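Notebook open, coffee poured. I want to go through the charged pairs, the cysteines and the nonpolar packing.

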Amino acid sequence: MENFAAIDFETANLNKSSICSVGIVVVRNSIITNKYYSLINPIPNYYSYWNTKIHGLSDVDTRDARCFRDIWIEVEPIIQGLPFVAHNSSFDEACLKEVFRVYQMDYPDYKFHCTYRASQRKFGKILPNHQLQTVAEHCGYKLVNHHNALSDAEATAIIAMKII
């Protein structure tokens, strides 16, 4: 696949609609051409201890952030016509569908590809696991800031260019 948008969401709590950050890396002709990152004021707007422990974000970080609808107005032209790639795409796709539902936005039929499942098919038992950092390292990319949405999207893009 030569053209796609790698996407990663972080959530504030267990609600899939509680997206608090998004990272997008656009790949065209197998070259990274654009990167986008934004904090988002989540809905519902509260942070669970465990989510904050994973990604380090809290209400202090997103208190003045824009809502998802405003962010997506910026994102749409960047990703227009591109399929999405995500590591464990079922999570990111579910988050996107749910936040569209919460904001009563019409959900386009976005196509998702999954680097987690692709890694399982390609590498099987060669890897000890198929977590993002493990697969990224195997593909020659050192994931330094794991659970930062943009860092994770970039790692996903590198993996996708190698194995999808």
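Before anything else, the yardstick I use for burial: buried means under 20% relative accessible area, exposed means over 50%, and partly exposed is in between. I also keep in mind that this is a predicted model.

**Entry 1, charged pairs.** I looked up Glu98 first. Its relative accessible area is 24%, so Glu98 is partly exposed. Glu98 forms a salt bridge with Arg101, with 2.6 Å between the closest N and O atoms. Arg101 has 53% relative accessibility and therefore counts as exposed. The two sit 3 residues apart in helix H4, so about one helical turn separates Glu98 from Arg101.

Helix H4 also holds Lys97 and Glu93, 4 residues apart, again about one turn of the helix. Their side chains meet in a salt bridge at 3.5 Å, N to O. I noted Lys97 as partly exposed, at 42%.

How many salt bridges does the structure hold? I get 5. One of them joins the side chains of Lys35 and Glu154, at 3.0 Å from N to O. This pair links distant parts of the chain: Lys35 is in strand E3 (residues 31-39) and Glu154 in helix H7 (residues 149-163), 119 residues apart. Is Glu154 buried or exposed? Glu154 is buried, with a relative accessible area of 19%, while Lys35 is partly exposed at 43%.

**Entry 2, cysteines.** I searched the whole structure for disulfides and found 0. Cys20 is in none; the nearest cysteine sulfur, in Cys95, is 9.7 Å away. Cys20 has 0% relative accessibility, so I put it down as buried. Why is Cys114 unpaired with Cys139? The closest cysteine sulfur to that of Cys114 is in Cys139, and at 13 Å it is too far for a bond. Cys114 is buried as well, at 6%.

**Entry 3, nonpolar packing.** The largest nonpolar core has 26 residues, and those touching the most other members are Ile7, Ile24, Phe68, Trp72, Ile79, Phe84 and Leu96. Strands E1 (4-11), E2 (19-28) and E4 (84-86) each give two or more residues to this core, as do helices H3 (68-79) and H4 (89-102). H3 supplies the largest share, 6 residues. I also found a second, separate core of 13 residues, including Ala118, Leu127, Ala136 and Ile163.

I then checked Ile7 on its own. Leaving aside neighbours within four places in sequence, Ile7 is in contact with residues including Val22, Ile24, Trp72, Phe84, Phe112 and Ala153.

Notes
Residues numbered from 1 in each chain as written. Predicted model: local features only at pLDDT ≥ 70, side-chain atom pairs only at ≥ 80, totals over all residues. Heavy atoms only, no water. Disulfide = S-S within 2.5 Å. Buried < 20%, exposed > 50% of the residue type's maximum accessible area, 1.4 Å probe, protein only. Core = buried A, V, L, I, M, F, W, Y, C linked by side-chain atoms within 4.5 Å. Contact = heavy atoms within 4.5 Å. Salt bridge = Lys/Arg side-chain N within 4 Å of Asp/Glu carboxyl O.
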